[in-house]
Amino acid sequence: MELNKRQQKIIEIVKDHGPITGEQIADQLDLTRATLRPDLAILTMAGYLDARPRVGYFYTGKTGSQLLTEKIKKIKVAEFTSMPVVVQDSATVYEAICTMFLEDVGTLFIINKNGHLAGVASRKDLLRASMGKQEINSIPINIIMTRMPNITYCFKEDYLLDIAHILIGKQIDGLPVVKRSTNDSGLEVVGRITKTNITKAFVELAHDELL
Ligand code: ADP
């Protein structure tokens, strides 16, 4: 976040004299408390300053990059998840390819007849299946998919940064976001998190910084 001159001056005053009340800061700047209110709110919300009732403002000692890192570490999967695209495990490879094109996604999640996560099929899995001599209209997707228990998945409450590490470490494009079914017999697919979602989070963070 780019701080304006007045905000920088406020930080200097609080650094030198904190804890200090809003009134006292206003006096030092020859301004009214009301004029300063928006700047103090921004500095407090951004984490540069902290305020305690009946004590005043004090400097947190955190730099812009420390605050940005804290912000990144707090982002949860739920904030950036997309709708999952699922295919029944009885579908053929041909049907899976059609779904991938129509839904414009790079990874399909395969579910069994109970609606639980059974596997994942990526673009290359489908290309590989199409290159063989077998008829894609007759091969079921569950023959060629990567299957449970080898699927890496995540929950809405997980941190996005941890998912980014997993995607890089395992060299995959995305993870299904799941929740445990009520009787705990399997995992229901409730979302999709891919490198694109993480790129969106990155852009949004940069945009926030410019506000
Ligand atoms: P592509 O191979 O099309 O570039 P990926 O890199 O995502 O796409 O997939 C590489 C391999 O990893 C594929 O065989 C795919 O089935 C598998 N895969 C993809 N996502 C997962 C996941 N979340 N868990 C386990 N395996 C996965």
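Leaving aside its neighbours within four places in sequence, which residues is threonine 92 in contact with? I shall begin with that question this morning. Please keep in mind throughout that the model before you is predicted.

Threonine 92 belongs to the loop between strand 3, residues 86-88, and helix 5. Once the neighbours within four places in sequence are set aside, its contacts are Ile136, Asn137, Ile139, Pro140 and Ile141. Is threonine 92 buried or exposed? Its relative accessible area is 15%, and residues under 20% count as buried, so threonine 92 is buried.

Let me now follow the chain into helix 5, which covers residues 93-103. This helix packs with helix 6, residues 123-131, at an angle of about 140 degrees, and the two axes are 10 Å apart. Helix 5 is therefore oblique to helix 6. The crossing of helix 5 past helix 6 is left-handed.

Which residues meet where these two helices pack? From helix 5 come Val93, Ala96, Ile97 and Met100, and from helix 6 come Arg123, Leu126, Ala129 and Ser130. Sorted by class, this contact contains 6 nonpolar residues, 1 polar residue and 1 charged residue.

I turn next to the interior. The largest nonpolar core has 18 residues. Val87, Val93, Leu108, Ile110, Leu126 and Ile141 have the most contacts inside this core. Two of these names have already appeared in the helix contact: Val93 in helix 5 and Leu126 in helix 6. At least two core residues are supplied by each of helix 5, strand 4 (107-111), strand 5 (117-122) and helix 6. Helix 5 gives the most, with 4 residues. Apart from this core lies another, of 16 residues, including Leu3, Ile10, Leu29 and Leu36.

Isoleucine 110 deserves a separate look. Not counting residues up to four places away in sequence, isoleucine 110 touches Val87, Gln88, Asp89, His116, Leu117, Ala118, Gly119, Val120, Ala121, Ile141 and Met145. Ile141 is also among the contacts of threonine 92, with which I began.

Finally, I should like to consider isoleucine 143, in helix 7, residues 141-144. Is isoleucine 143 buried or exposed? Its relative accessible area is 56%, and exposed means over 50%, so isoleucine 143 is exposed. Its C-alpha atom is separated by 20 Å from that of valine 189, and the two residues are 46 residues apart along the chain.

To close, I return to the opening residue: threonine 92 is buried, whereas isoleucine 143 is exposed. Thank you for your attention.

Conventions:
Residues are numbered from 1 along each chain as its sequence is written. This is a predicted model: local features need pLDDT of at least 70, side-chain atom pairs count only at pLDDT 80 or more; totals for chains, interfaces and linings use all residues. Side-chain values use heavy atoms; hydrogens and water are left out. Axes are lines fitted to C-alpha atoms, for helices over the stretch in contact, and angles run from 0 to 180 degrees between N-to-C directions. Angles under 35 degrees count as roughly parallel, over 145 as roughly antiparallel, 65 to 115 as roughly perpendicular and the rest as oblique. A crossing is left-handed if the near helix is turned anticlockwise from the far one by less than a right angle, and right-handed if clockwise. Contact means heavy atoms within 4.5 Å. Ala, Val, Leu, Ile, Met, Phe, Trp, Tyr, Cys and Pro count as nonpolar, Asp, Glu, Lys and Arg as charged, and the others, Gly among them, as polar. A nonpolar core is a set of buried Ala, Val, Leu, Ile, Met, Phe, Trp, Tyr and Cys residues joined through side-chain atoms within 4.5 Å. Buried means under 20% relative accessible area, exposed over 50%, partly exposed in between (1.4 Å probe, protein chains only).
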